[in-house]
Amino acid sequence: MQLNMMCSRSPSSGQRRNLIQAARAGDDDAVGVLLANAPEQINQRADKGTTPLILASLNGHLSTARRLLAADGVDVNLSDEAGFTALLAACQSGHHDVVRCLLAQPGIAVGHAERSGSTALHLAC
């Protein structure tokens, strides 16, 4: 199944981005435009199953993560092919502000383990 990814030109950078690229780069302007025009893409998957929220969390983009978390239908517990969720990605990368934001989300799976068995607590230490 091929995913039709809408692109937007970011007002701040002038580059065309899809939601995955915008979240990875922390491009809040493009994320906002893309979510407004194609909200169904909030949980889209990139290579190896990463989602916009996982990528924003992995790269420490707090404002982007907040914007994604505010979107209708966002699933905070989706994991990539290695079993990493947004929380695990933020913990492993040492982005404590993003970790705190994610921990405040209702239904966050704190005890989820990635494929090798590490949980958020293991990765944060």
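Me: Where is the place of Leu 103?

Reply: Leu 103 sits in helix H6 (residues 96-103). Helices here are DSSP runs of H or I with at least four residues, strands are E runs of at least two, and both are numbered from the N terminus. One caution early on: this is a predicted model, where local features need pLDDT of at least 70, side-chain atom pairs count only at pLDDT 80 or more, and totals for chains, interfaces and linings use all residues. Residues are numbered from 1 along each chain as its sequence is written, and side-chain values use heavy atoms, with hydrogens and water left out.

Me: And what does Leu 103 count as at 44% relative accessibility?

Reply: Start with the cut-offs: buried means under 20% relative accessible area, exposed over 50%, and partly exposed in between (1.4 Å probe, protein chains only). At 44%, Leu 103 therefore counts as partly exposed.

Me: Which residues is Leu 103 in contact with, leaving aside neighbours within four places in sequence?

Reply: A contact means heavy atoms within 4.5 Å. On that basis Leu 103 meets Leu 87, Ile 108 and Val 110. Leu 87 is 16 residues away from Leu 103 in sequence, and their C-alpha atoms are 7.7 Å apart.

Me: Leu 87 is in H5, right? How many residues of H5 are buried?

Reply: Six of the eight, so H5 is largely enclosed by the rest of the structure. The buried ones are Ala 86, Leu 87, Leu 88, Ala 89, Ala 90 and Cys 91. Their cover includes helix H3 (52-58), H6 and helix H7 (120-124). Just after H5, look at Gly 94, with its positive phi of about 75°.

Me: What about the loop between H4 and H5: where does Ala 82 fit in?

Reply: Ala 82 lies in that loop, with helix H5 spanning 86-93. At 27% relative accessibility, Ala 82 counts as partly exposed. Not counting residues up to four places away in sequence, Ala 82 touches Glu 114 and Arg 115. Gly 49 is 33 residues from Ala 82 in sequence, with 8.5 Å between the C-alpha atoms.

Me: How do I read a pair of packed helices?

Reply: Two packed helices are described by the angle between their axes and the distance between the axes. Axes are lines fitted to C-alpha atoms, for helices over the stretch in contact, and angles run from 0 to 180 degrees between N-to-C directions. Take helix H2 (residues 28-37) and helix H4 (residues 62-69): their axes come within 10 Å and cross at roughly 10°. H2 and H4 are therefore roughly parallel to each other (under 35 degrees; over 145 is roughly antiparallel, 65 to 115 roughly perpendicular, the rest oblique).

Me: Which residues in H2 and H4 meet?

Reply: From H2 come Asp 28, Asp 29, Val 31, Gly 32 and Leu 35, and from H4 come Ser 63, Thr 64, Arg 67 and Leu 68. The residues of this contact divide into three nonpolar, three polar and three charged. Ala, Val, Leu, Ile, Met, Phe, Trp, Tyr, Cys and Pro count as nonpolar, Asp, Glu, Lys and Arg as charged, and the others, Gly among them, as polar.

Me: What is the mean pLDDT of the chain?

Reply: pLDDT is the predictor's confidence in each residue, from 0 to 100. The chain has a mean of 89, and 87% of its residues reach 70 or more. Over residues 1-6, though, the pLDDT is below 50, and it stays under 50 over residues 9-15. Where pLDDT is low, the predicted coordinates should not be read in detail.
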